[in-house]
Amino acid sequence: MDDFQRYLNKFKIRLLVSLLIENLIIVGLIYLTVHYLNIGLKETLIIACLLSFFLSLVTTLMLSNGLTSPLKQLRQAILHISPSYNQPIGAPDTNKLTLGRELVSNLISQLYQIASVANKNATEIEKTKYDLSRDFMANNIPLPIFVLDNNENIKFANKIAAQYLGIEVNDLINKNIYTILDMSFPTNNTFDYWLKEVKGNTANSSNQWERVKLNIRDQHPTLYFDLSAYYNVGNPEGYCTILTLFDHTKQYSQDDQSISFVALTVHELRTPLTLLKGYVEVFNQEFKGKLNPEMDSFLDKMRASSDQLTAFVNNILNVARVDNDQMELKLQKENWSEVLNQAIDTIDLRAKVRNIALERDIATDLPEVGVDRLSIQEVVLNLIDNAIKYSNDSKVIKIKSSLNGEGLVETTVQDFGRGIPESIISKLFTKFYRDHHNRAQVGGTGLGLYLSKAIITAHQGNIWVHSKEGDGSIFGFSVLPFEKLSQEQKNLSNDDLVRSAHGWIKNHSYYRR
Amino acid sequence: MEENKEIRKILVIEDEHFIGELYTRALNKSGYEVKVIADGVEALKEAQTDYYDIILLDLMIPNLTGIELLDILRDKTKTPHLRAKVIITTNLEQREDVKTKIESQADGYIIKAELTPMELVEFLNKIKL
């Protein structure tokens, strides 16, 4: 059964089903009215007639729309290539084809098949004529098309294909398709794999791929497209495989463009950072305690600085994720004091090198919480990092955690620095906002609080600040006990595979530091 | 590492020379036998000919991408004798589809900048062979 037949059959089935449903509704309504309402048979029949008229109107409209849209596209395609038509008309928008990609590319293949069969028995003059009309047809289809022989060499490529790749048509002919189209597929099911499979086994077959990436040499931007391929072993001229490309560069590259720029930047930052951390560790192992106290403290400061940079790089990445709606959190059952203490340990050195003590007051009877361990630790780090930055001359930061009146686990970070003017408190959790008084004295990007708020919100918790100029600030946030969270999201469970932005290991609890 | 434990053999596929150097130092200190290879094709040959317990695989390497190499390492027809645990080491954030692929094929995944060499060794010590 060929594809067009399949397409028609689908429509016949749809038509029958809608007629059946329509009739069932009418019969049902007649039955109900006669049975339960005291309306005469005459009135009932009138109502039924009106109803059936209305229903058939709707179904007819719906079906005819679906049925005629390919015809409309076809009409536009014909007008588009017609040289005698006095008004230039645009090519049909192939993305709107309700007919489906498969059918379009298969129709093209069928045309090739017909032309090839005709060519077989044709005279020389007829052959030239057929070839000309076939080329004319292919050149005016607004899609890149490649025709391949049994060795995957390009036998024909239309003008659009040449334009799409930025290569002359003549430079494409007889080249191997894989040297011309360097394609990356999102899954293992690639074009060459498919072709190998069908070659041994079937007379003809077709397949579609979405989100294919074309790696082009040099300065050319990356292209993305959907690919449709048709294989037919029986073509008399040996035109076995026909490829049709549906360009989606704009749509697909937008999806990850902003994140990919950030990802690249982050990569460039992380590589030297990896080395820096590595060498600092070597120095620490070899020289710690053997140097004079000043040099010892320099070592600590180097370590603290590289940790700070690591945290900042993660902040950039996570803000990009939040902005692109790509933040992925996995809320799991965790022991809160363990999570919190681990985060504080991480930043302890950073506080120590500034002679600031981190005081912990963590309740021992806290219920287990439902959090994404790494993200929530990032919140803790950001809040403590802020407290360190804004501590000025005060030498202590208090971190408290307890169960609040609403049954949520509440954590606060209190510094005794200069505090925040009331007028700007409401702007603190927006991106890039920093206290203007401190801008000259305090580094930072103002991403931390914005990110923290996004993470806490995703945890269904709250984040807030109390501050008084001159007295310091208290930043606090709450997270839900796991029990509470799982009541709301019933299918939460601890997975074997613990995933995070920074790493995972199979069948093993997550490890960091 | 405890003395009675067997020495673990590890293949580090990493093209940043200094990182290879740092990892070798840390791994040697903990009793690992280390070989560093910077090239994808060479690394594949090595993995096919010699026995390793663990393979650290950077994703950005010359001649074969880390993902391509991972595919081959997981293909029983091409590397029938391979028993090593494959841990991806990278500094590049992956797209969702690549992440899913790595999750299904690799035994572990780490961001290099997140761990110092000694922390990496601790991480590797936890892997059950």
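This is a short tour of one sheet in chain A and one helix in chain B. The model is predicted.

**Stop 1: the sheet**

Start in chain A. Select the 5 strands that form an open sheet, in the order 8-10-11-13-12. Their pairing is mixed. Now pick out strand 8 (357-362) and strand 12 (463-468) of chain A, the edge strands. Each of these pairs on one side only. Neighbouring strands of the sheet are turned by 15° against each other on average, direction ignored.

**Stop 2: one edge**

Keep strand 12 of chain A and add strand 13 (residues 472-479) of chain A. The two run antiparallel, joined by 6 bridges. Find A:Lys468; opposite stands A:Gly472 in strand 13 of chain A.

**Stop 3: two helices on the sheet**

Add helix 11 (residues 336-352) of chain A, which packs on the sheet. Helix 11 touches strand 8, strand 10 (396-403) and strand 11 (409-415) of chain A. Its direction makes about 170° with that of strand 8 of chain A.

Next, select helix 12 (residues 373-389) of chain A, which also packs on the sheet. Helix 12 touches strand 8, strand 10, strand 11 and strand 13 of chain A. Its direction makes about 20° with that of strand 11 of chain A.

**Stop 4: a helix in chain B**

Move to helix 1 (residues 17-29) of chain B. Which of its residues are buried? They are B:Ile19, B:Gly20, B:Leu22, B:Tyr23, B:Ala26 and B:Leu27. Seen down the helix axis, the buried residues fall within an arc of 165°, so they line one face. On the other side, B:His17 and B:Asn28 are exposed. End at B:Gly31, just after helix 1 of chain B, with a positive phi of about 85°.

How values were computed: Residues numbered from 1 in each chain as written. Chains lettered and ligands numbered in written order. Predicted model: local features only at pLDDT ≥ 70, side-chain atom pairs only at ≥ 80, totals over all residues. Buried ≥ 20, exposed ≤ 12 C-beta atoms within 10 Å, placed from the backbone. Helix = DSSP H or I, 4+ residues; strand = E, 2+ residues; numbered from the N terminus. Arc of directions from axis to C-beta. Pairing = 2+ DSSP bridges. Axes fitted to C-alpha atoms, helices over the stretch in contact; angles between N-to-C directions. Contact = placed C-beta atoms within 7 Å.
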